[in-house]
Amino acid sequence: MSKWPLGVFASIDAGLGVHLEVAHELQVPTVHLHAPQKQSRTPERAKEFAAKLKDLGIKISCVFAGFEGESYADIPTVEKTIGLVPENTRTERVAELKEIADFAKSLGVDVVGLHIGYVPHDSESEAYHEVLEVTRNVCTHLAASGQALHLETGQEPADVLLKFLKDTGCNNLFVNFDPANMILYGAGEPLPALELIGSYVRSIHCKDGTWSDKPGVTWGTEVPLGEGDVDMAAYLQTLDKIGYTGPLTIEREIPQEPDRQKEEISKALDLLKSLKSKILQEDAKA
Ligand code: MG
């Protein structure tokens, strides 16, 4: 695949994301796919999905896992409900995550994305070691099918994430970098973070947002691509600098009517196409 194919975060039957038909109409060649609901994760449905995507000319580059009971209502709720960190749901979610990974495999996808939750910042704490252990457990399952796990950024500063990645010792554990999340969660300036964890970045989101007036306490605001505090030109330049060549996957987390969604995603695609062509031209000259 050529450098930086465009992509969108899409959904078949669950969660937020662009409708596959909209992705197709806009001629988007790749998607990150929200894992469909449990009743749809059968080998038969996998075959159907794979055939549909092939018809639409769309390649899935990552299947993103999500779980019942997760809520992004506010930052404290995220801490309590998201990913594999909350103890009360950990066992069942690990089992479900492995099922989702197997479903991804049956779709021919070797990358699973995940918001793991708030990694405890104190690396001496028991909680930190439990989260390390559960991550190793999942990565071992994925490694057996030749799959990798990509952790979504945002819930912790880049240095905490970097230490965590190293401490797991897993060689199939990488990062899905989302610059807007760093801002929305108040976890630090996105571009220095991207440079710091650059060697782990194997997939990315193109999303934009503005800082909260109380970073880390209340949410920032997600906004259309190019209208927020992520400098998109500098973002792409930094991706170029760290040697990232994978898809540029637009993520928009606001539920929208197909027409409005199409208009907004179309604008975001135009922005990325223009920035991308400038950078590729400069690269060619250099
Ligand atoms: Mg994201």
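## Burial and surface

In this predicted model, buried residues account for 54% of the 286 residues in the protein. The area that the protein exposes comes to about 12800 Å², of which carbon and sulfur atoms supply 51%.

As for charge, the protein carries 28 positive and 44 negative charges, and the mean positions of these two sets lie 5 Å apart.

## Overall fold and dimensions

Ten helices and eleven strands make up the secondary structure of the protein. The radius of gyration is 18 Å, close to the 19 Å that the globule rule gives for 286 residues, and the protein is therefore as compact as a globular protein of that length. Taken along the principal axes, the box filled by the C-alpha atoms is roughly 50 × 45 × 35 Å.

The contact pattern can be described by sequence separation: among contacts in the protein with a separation of 6 or more, 74% join residues that are 24 or more positions apart.

## The nonpolar core

In soluble globular proteins, nonpolar side chains tend to be buried together. The largest nonpolar core of this protein holds 88 residues, and the members that touch the most other members are Phe177, Tyr235 and Leu248. Helix 5, which spans residues 126-144, contributes the largest share of this core, namely seven residues.

Tyr235 can be followed in further detail: when residues up to four places away in sequence are not counted, Tyr235 touches Phe177, Pro179, Leu191, Leu194, Ile204, His205, Cys206 and Val230. One of these partners, Phe177, is itself named with Tyr235 among the core residues that touch the most other members.

Note on methods:
Residues are numbered from 1 along each chain as its sequence is written. This is a predicted model: local features need pLDDT of at least 70, side-chain atom pairs count only at pLDDT 80 or more; totals for chains, interfaces and linings use all residues. Side-chain values use heavy atoms; hydrogens and water are left out. Helices (H or I, at least four residues) and strands (E, at least two) are DSSP runs, numbered from the N terminus. The radius of gyration is taken over C-alpha atoms; the globule rule is 2.2 Å times the number of residues to the power 0.38. Buried means under 20% relative accessible area, exposed over 50%, partly exposed in between (1.4 Å probe, protein chains only). Contact means heavy atoms within 4.5 Å. Accessible areas come from the Shrake-Rupley method with a 1.4 Å probe; for residues, only the protein chains shown count as cover. Lys and Arg count as positive and Asp and Glu as negative; His and the chain ends are not counted. The place of a charge is taken as NZ of Lys, CZ of Arg, CG of Asp or CD of Glu. A nonpolar core is a set of buried Ala, Val, Leu, Ile, Met, Phe, Trp, Tyr and Cys residues joined through side-chain atoms within 4.5 Å.
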